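Hi,

Here is the structure I promised to pass on. Have a look at it first, and my notes follow underneath.

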Amino acid sequence: MTYISEIDSPVLLIHGENAHSRYYSEDAFKKLAGDNKELLIITEAVHTDLYGKMDIIPFDTIEAFFRKYLD
């Protein structure tokens with residue numbers, strides 16, 4: 001987190017709403033500079049839900065982010 005404000009690459013942070021470490025992504029998001037960042041909070045998900053629950057992973061949103069910033 002010490003040098004996070006120096007990152008100028010696009011950053012997508014994805015976290016479950018009920019994940020115990022959600023605060024970390026929220027803090028990181030606040031410290032990132034620029035407008036090429038996104039914080040995506042998945043409703044009612046915990047951290048490990050995003051490893052394999054295919055029905056709650058927002059693939060469309062992830063793809064849109066990559067297309068916007070990495071094409």
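**Salt bridges**

There are three salt bridges in the structure. Before the details, please keep in mind that this is a predicted model. As a reminder of the background, side chains carrying opposite charges can pair when their charged atoms come close.

Going along the chain, Arg22 is bridged to Glu26, with 2.7 Å between the closest N and O atoms. Arg22 and Glu26 are separated by about one helical turn, because they sit four residues apart in helix H1. Arg22 is partly exposed at 24% relative accessibility, and Glu26 is partly exposed with a relative accessible area of 24%.

Another pair is Asp49 with Lys53, where the closest N and O atoms are 3.2 Å apart. Here the partners fall into separate classes: Asp49 has a relative accessible area of 12%, so it is buried, while Lys53, with 42%, is partly exposed.

Then there is Glu63, whose side chain meets that of Arg67 at 2.9 Å, N to O. These two are also four residues apart, this time in helix H3 (residues 59-70), so about one helical turn separates Glu63 and Arg67. Glu63 counts as partly exposed, with 36% relative accessibility.

**Strands and helix H1**

Next, the strands. E1 covers residues 11-16 and E2 covers residues 37-42; they pair in the parallel sense, over six bridges. If you want a spot to start from on screen, Leu12 stands opposite Glu38 in E2. Together with helix H1 (residues 22-31), E1 and E2 make a β-α-β unit, and that unit is right-handed.

While you are at helix H1, click on Ser25, which lies in that helix. Is Ser25 buried or exposed? Ser25 comes out as buried, because its relative accessible area is 8%, and the cut-off for buried is under 20%. Leaving out residues up to four places away in sequence, Ser25 touches Leu13, His15 and Leu39.

**Cores and Leu50**

Which residues make up the largest nonpolar core? There are six of them: Leu40, Ile42, Ala45, Leu50, Ile57 and Ile62. Ile57 is in contact with Leu50 and Ile62, once neighbours within four places in sequence are set aside. A second core, separate from that one, has five residues, among them Val11, Leu13, Ala28 and Leu32.

Leu50 deserves a click of its own. Leu50 lies in helix H2, which spans residues 49-52. Its relative accessibility is 19%, so Leu50 counts as buried, given that the class takes in values under 20%. Not counting residues up to four places away in sequence, what does Leu50 touch? The list is Ile14, His15, Gly16, Ile42, Ile56 and Ile57. Of these, Ile42 and Ile57 are named in the largest nonpolar core along with Leu50. His15 turns up again as well, since Ser25 in the other part of these notes also touches His15, because the contact list of Ser25 includes that residue.

One distance in case you want to check your own script: the C-alpha atoms of Leu50 and Tyr69 are separated by 22 Å, and the two residues are 19 apart along the chain.

Shout if anything looks odd on your side.

Cheers

Definitions and conventions
Residues are numbered from 1 along each chain as its sequence is written. This is a predicted model: local features need pLDDT of at least 70, side-chain atom pairs count only at pLDDT 80 or more; totals for chains, interfaces and linings use all residues. Side-chain values use heavy atoms; hydrogens and water are left out. Buried means under 20% relative accessible area, exposed over 50%, partly exposed in between (1.4 Å probe, protein chains only). Contact means heavy atoms within 4.5 Å. A nonpolar core is a set of buried Ala, Val, Leu, Ile, Met, Phe, Trp, Tyr and Cys residues joined through side-chain atoms within 4.5 Å. Two strands pair if DSSP finds at least two bridges between them. A crossover is right-handed if, with the strands pointing away from the viewer, the path from the first strand over the helix to the second runs clockwise. A salt bridge is a side-chain nitrogen of Lys or Arg within 4 Å of a carboxyl oxygen of Asp or Glu.
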